[in-house]
Amino acid sequence: MTARTRPLKFRLTSGDLLYFLHIPKTAGTTLFEILRKRFKPEEAVSAEGDVFLDLCCRSSPEDRARYRLMRAHFGYGVYRLLPRRPVFVTMLRDPVARVISVYKHIRRIPHHRLNREVIELGLLEFLEHPRARVRDLQVRHLAGFRLRKEELGALCDDDLLELAKAHLDDLAFFGLTERFDDSIRLLSHTFDWSPIEGYEALNVAPDSPEEVDREALQAIASRNRLDLALYAHARGLFEERVAQLDAELREADHDQ
Amino acid sequence: MTSDPLRAPPRCLRVLLREDDVLLFSLIPGTGAEALLPIVEGQFAAADVFPLRAVDSGKAIAAAAAERPEGYRLVCGNFLFGPYDDGLYKHVAQNPLRMTMLRDPVARTACEFREIVENPAHPQHQEVVTEGLDLTQFAKNPRFRPYVYNRQARHLVGATRSVTLEGVDSLADELLLTIAKERLEEMAFFGLHEHLLESAQLLLYTFGWDPDATSADRLAAAEGLSGYGGVSEEAREAIGEQTRVDAELYRLASRLLTQRHEQMIEELIHYHHRWRPQEATAAKVRQLEEIVTEQRDALAVQRRDLKRLKAIEHSWGWRMLVEVSGLRQQLIPPESPVEPLYMGVRRLLLGRWVR
């Protein structure tokens, strides 16, 4: 198969709704703050669960029409709730690092719903927790809606991965946590925004010297086979786009 | 399959078409989508309509887009759309509002075959006519697979990163169907050829367009036309083998269209009820009506009394009294010394009738 290139630029119209598909622990909080500054306060909303569903389904058309930026942990299937196809943006992260970050986050935040259950658990035990949600979460976000297994029905794992890749390929923008600065450069170029500077990393765990043992790393990897494949695909695509970005910027400088 | 869209909370049907929106009407061959074109094109100025109806080349699209820097508002045609298409995404719109029409896959294929046979300008016309192919042979011939194999699903999936139009064949059926369903659900509107009138109603409702009185007649006529002759069982089977994904897509589309049409009717009824007079206002209106009725009755009584008084005034008895009264005032003026004597005699004679 031949891989094609696509234009980087995306012209947002007055009716476009930017939906930030926020996958937990991918530097999404920081990115959302950056995105929020591009819109008026009343145009941006961040919500979860039933509050978000009410917003999409039960608010008046006039209320819905004023939103231009939404953030939620709902997956790609959120388009079914919205009157027009949203413009998707997201961040991805190395799956192993992401799971470790989730574990640390839950233990660090006393009011987290799983804090009391997880605080005494080691990483390996955490991976076995029934509500830990550490298995291929990024693929599930990009493939589905509520992330439940039954929703994604008859699709085998490989088809699930291909579906997530197809959606990722079509997103107006995605970034990588590990390449945050380049992601922000790509973001501002994509939507033709002025260069974004001086952003502050939010919701970040303090640096911890503890190392993760090899057994735990392998356990995480085995539970995230699809996410690892998706991330490898995303890295390749991201490098292409950054190279394309640099080429377009050089061309623009040359024209001037 | 992905989550059943028929169990998802229903989304808002109405779509606000803004000044900088672009509407992309995908005309999939053989679906009869052209029947809705007069409705759609009638909503836009001619200059706002993209001049091409099919992809000649990326350069042609770029040139057409460059001719109108302020952009187009309507694109109609047989275009594969997506970030990796031949130029529509780059030069015209990245997130247009989309609409399309679907049709029963067998009927669609038969209709497109007929269009190829009847149109000498069609790229496949010469080959099909020269070889004298019938529909069954056409459907079974690998050379014409792009015109038969799940044509509607592939059109909806559009231009993806890792495949070309021919390469979409490499997508597993489940995946092709899943993505095609998503594209369909994402659309602002889709219609079905076999339900043209309902589709047109939903189209008008979706974008808030006014119905044209003549459209209903044209649509009824278009719906009555099958667009193709009967299909043999052999041809039906040959087409069916290559359109399983399209068949499933069509089944979903039928149910979804019915659901949306019903939702439209419910919303219209709800809208009508919101604007009827409230109960409290109706009571007040009734109260006011009662007051008006009372006043009207009182006025009628007054008119009757006035009429009676006028009758009395014109009677000889009244005229006599007036004459006598006038004579009395001449003979016995008020405040004359004889007045009290007159009044006393009058009281004595008339008694209780005199106040």
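The largest cavity in this predicted model has a volume of about 290 Å³. A search of the whole structure returns six cavities of 30 Å³ or more, and the description here begins with the largest of them.

The lining of this largest cavity comprises 23 residues. Those that lie nearest its centre are A:Arg85, B:Phe81, B:Gln94, B:Asn95 and B:Glu186, so named residues of both chains appear in that group. The secondary structure elements tell a similar story: β4 (87–92) of chain A, β3 (97–102) of chain B and α9 (173–186) of chain B each contribute at least two residues to the lining. Classified by residue type, the lining of the largest cavity contains 13 nonpolar, three polar and seven charged residues.

The contact between the two chains can be considered next. On the side of chain B, 40 residues are in contact with 44 residues of chain A. Together the chains bury about 3800 Å², with 50% of this area on carbon and sulfur atoms. Within chain B, the residues that lose the most area to chain A are B:Tyr84, B:Asn95 and B:Arg161, which together account for 20% of what that side buries. B:Asn95 thus has a part in both descriptions, as it is also among the residues nearest the centre of the largest cavity.

Polar and charged interactions also cross the interface. Between chain B and chain A, 14 residue pairs are in polar contact, both residues being at pLDDT 80 or more. The elements giving two or more residues to the side of chain B that touches chain A are α3 (88–91) and α9 of chain B. Of that side, the largest share comes from α9(B), with eight residues. By class, the side of chain B that touches chain A has 18 nonpolar, nine polar and 13 charged residues.

Four salt bridges are counted between chain B and chain A. In one salt bridge, the side chain of B:Glu185 meets that of A:Arg80, with an N to O distance of 2.7 Å.

Over all chains, the search of the whole structure finds 25 salt bridges. Within chain A, the side chains of A:Asp157 and A:Arg225 form a salt bridge at 3.7 Å, N to O. This pair links distant parts of the chain, with the two positions 68 residues apart in numbering: A:Asp157 belongs to helix α8 (residues 157–170) of chain A, and A:Arg225 to helix α11 (residues 225–255) of chain A.

Terms used:
Residues numbered from 1 in each chain as written. Chains lettered and ligands numbered in written order. Predicted model: local features only at pLDDT ≥ 70, side-chain atom pairs only at ≥ 80, totals over all residues. Heavy atoms only, no water. 1 Å grid on protein atoms, 1.4 Å probe; cavity = no way out; pocket = protein on both sides within 12 Å on 5 of 7 lines; lining within 4 Å. Points joined across faces, edges and corners; volume = space filled by probe spheres on them. Helix = DSSP H or I, 4+ residues; strand = E, 2+ residues; numbered from the N terminus. Nonpolar A, V, L, I, M, F, W, Y, C, P; charged D, E, K, R; others polar. Contact = heavy atoms within 4.5 Å. Buried area = accessible area lost by both parts, 1.4 Å probe. Polar contact = N/O pair within 3.5 Å; in protein donor to acceptor, adjacent residues only side chain to side chain.
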